[in-house]
Each structure stands twice: as C-alpha cells, then as structure tokens.
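Open your viewer and get a selection box ready. We will walk from one stop to the next, picking residues as we go.

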Amino acid sequence: MPGHTPTRPFTPYTPRVLSTVFNGMVRYRRWTLIAAVDVAVACVALQIWLGPGEVLPLLLSFLSMGMFVLAMDATTLPAPSGFAVVPRTPAFRTRPDVTQICLLIGLIFLTTSQVASLVSRHLAEPGSLPERQAATVSDVVVYATILGVGLWSAAVWRGRLGPELRPEGLMDRRPLGTLVVPWDALTVGHPPEPAASAGRWLTLSYARPELVRRHGLCGDPRALRLGDGAVNAGFLGQVIDFYVANPDRRERIGTDAEYDDLCLRLGVVGARR
C-alpha cells in the first residue's frame, strides 16, 4: 500500500535543474545508487583493459568532487513539513537525506578512484621492497574504505537513516547506532525545541530517561539530528509533542487516515505521491 509524502519545492532560489536533480535523487535513490555503482565497476574494468595509467583515477576524483559540491548545495535546502506513511512497519518516516546521498555517491567515486589506482599499480612493474610495503598499507586502507562505503550504502539503500515515529515511540537510526525513545520517556507539555544550527537539530526533554534505549554509537540521546531536506524541525517537534500529549492516537501511527487527520490538525496540506 503506497504512502504519501507532503512536500514543498526545495527552494525558489535553487536553480530549477538542481531542484529537479535533488528531487529525483531522493525519489529514485536506489536507481541512483545502482547507476553510481555501475559507473564505478565500468571504470575499474576499463582500467584493467587499458593497463597502467592515472587518467581514470583522476577523472573519478573530479566526479567525486562534483558530488561533494552538490552535497554542499543540498545543505541550503528548506525541509518539507511532512512524512512518508509506511503502513507495513507501521511508521511515519522522514524522507531520505539528499546530502547523504550526494556524499555517498561522491565517496563511491573517490573509493573507485583509489581502486583504479591500486589496479594500475599492480599492473605495473613491481618496485623495491619499501615501495611494495607502502603499497600493501595503501591496499589495506582501500579495502577498509570499501567496507565502510558498503555499510553506508546498505543504510541509504534501505532509507532507514533518520527519525521515524512508531506506535511505541520514536526511533532514530544513525550511521553507527540506533536511539529508541518510548513515548512515556518524553516530557508532556515540553515540545522538542529546534537548535540554533540552521534547524538541523531537535533537543528532546526526558521525564523518564531510564526508558531510553541506545544500540551502538548514538552520541547525545537528547540531540535529534535531522537530515538536510528530510523534515522541518519545527513540524517534527509539533508532531512529537502531539503524540506525547495524546496517547490514544499513537496506535493509529502509520495509517493514511491518521496522517491526513494529523496534517489537518497542524494546518499542513499534504500532496500525494
């Protein structure tokens, strides 16, 4: 059962082409990642076919720099006031962070540049012993980077990074851990407050902090990090405060009917996908 996401144009000051690109990367993030990986694999195969050389690694480095510039542009995006409805979980989920998608693709290209250099080096004549030892250390760094990029790619592929609201509470999936906050842990009548840093953070207030559960490395459990273009901090704070104060409504989270009613109560006009 498909959900819907109310959204607004990224910004009237963002060039129309970039706005279209960012929206497409969020909506079709899996195809975007597949295309990036296809380019990476093709470049490595081409490097093997061409033999030793630094042209492809240099080209991939420029591509990665371009994606990092796009990621910087994405940080200026105003966030939408809305969620995606996920009936199967059930949950109200924030949209994927377009900045993370851009950074991940840039890192994929940068890692592929290192792999292409590694392939080029192994195809060349072996050097002296110190050179081979240095190459071995470099290879280990490349393999570790590939592992990290793979784990990050899996998280972005699932679209699970960031906060989501469930009937049992608030869940915030972070790159290295997960924060689980039951509704009863939050303070009634004390809505989360957006931090001063461009509205990218919410500060949570706990009445019963012992109920909060942390898995992995979560950082500060009171600071809720919001992705660029994921959700408006003030809107999310209002929604959290609404469900803290209305426990009878929590079981309806994740349904279209509840989402429509929530938008009506908060004065947000939703647009179906």
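Start by selecting Arg250: at 11% relative accessibility, this residue counts as buried. Keep in mind as you look around that the model is predicted.

Now add Asp184 to the selection. The side chains of Arg250 and Asp184 meet in a salt bridge, at 3.6 Å from N to O. This pair connects distant parts of the chain, 66 residues apart: Arg250 sits in the loop between helix H6 (233-245) and helix H7 (256-266), while Asp184 belongs to the loop between E5 and strand E6 (193-194). Is Asp184 buried or exposed? Asp184 falls in between, as partly exposed, because its relative accessibility is 49% and the exposed class begins over 50%.

Step back to Arg249. Its salt bridge partner is Asp261, with the closest N and O atoms 2.4 Å apart. Arg249 lies in the loop between H6 and H7 and Asp261 in helix H7, so this contact ties together parts 12 residues apart in sequence. Arg249 is buried, with a relative accessible area of 5%, whereas Asp261 is partly exposed at 25%.

Next, select Arg93, Glu164, Arg166 and Glu168 together: salt bridges that share partners join these residues into one network. Zoom in on Glu164 and Arg93, whose side chains meet at 2.9 Å, N to O. Glu164 is in strand E3 and Arg93 in strand E2 (residues 91-93), 71 residues apart, and both are buried. In total, the structure holds 9 salt bridges.

From Glu164, switch to a cartoon view and follow the strands. E3 (residues 162-166) runs antiparallel to E4, joined by 5 bridges, and the two form a hairpin with 2 residues between them. To check the register, pick Pro163 and find Asp172, its bridge partner in E4.

Strand E4 (residues 169-174) is mostly covered, with 5 of its 6 residues buried. E4 also pairs with strand E5 (residues 177-182), again antiparallel, over 6 bridges; 2 residues make the hairpin connection. Here Met171 stands opposite Val180.

For a look inside, select Leu186, Thr187, His190, Pro192, Ser205, Ile240, Asp241 and Val244, which line the largest cavity. About 40 Å³ of space lies there.

Finish on the surface with Val39, Leu59 and Leu63, which make a nonpolar patch of about 220 Å². Val39 is found in helix H2 (residues 29-50) and is partly exposed, with a relative accessible area of 34%.

Methods:
Residues are numbered from 1 along each chain as its sequence is written. This is a predicted model: local features need pLDDT of at least 70, side-chain atom pairs count only at pLDDT 80 or more; totals for chains, interfaces and linings use all residues. Side-chain values use heavy atoms; hydrogens and water are left out. Buried means under 20% relative accessible area, exposed over 50%, partly exposed in between (1.4 Å probe, protein chains only). Helices (H or I, at least four residues) and strands (E, at least two) are DSSP runs, numbered from the N terminus. Two strands pair if DSSP finds at least two bridges between them. Patches are made of residues with over 30% relative accessible area and no salt bridge: like charges are joined within 9 Å, nonpolar side chains (Val, Leu, Ile, Met, Phe, Trp, Tyr) within 5 Å. Accessible areas come from the Shrake-Rupley method with a 1.4 Å probe; for residues, only the protein chains shown count as cover. A salt bridge is a side-chain nitrogen of Lys or Arg within 4 Å of a carboxyl oxygen of Asp or Glu. On a 1 Å grid over the protein atoms alone, a cavity is a set of points where a 1.4 Å probe fits but cannot get out, and a pocket is an open set with protein on both sides within 12 Å along at least five of seven lines; lining residues have an atom within 4 Å of a point. Grid points are joined across faces, edges and corners, and a volume is the space filled by probe spheres set on the points.
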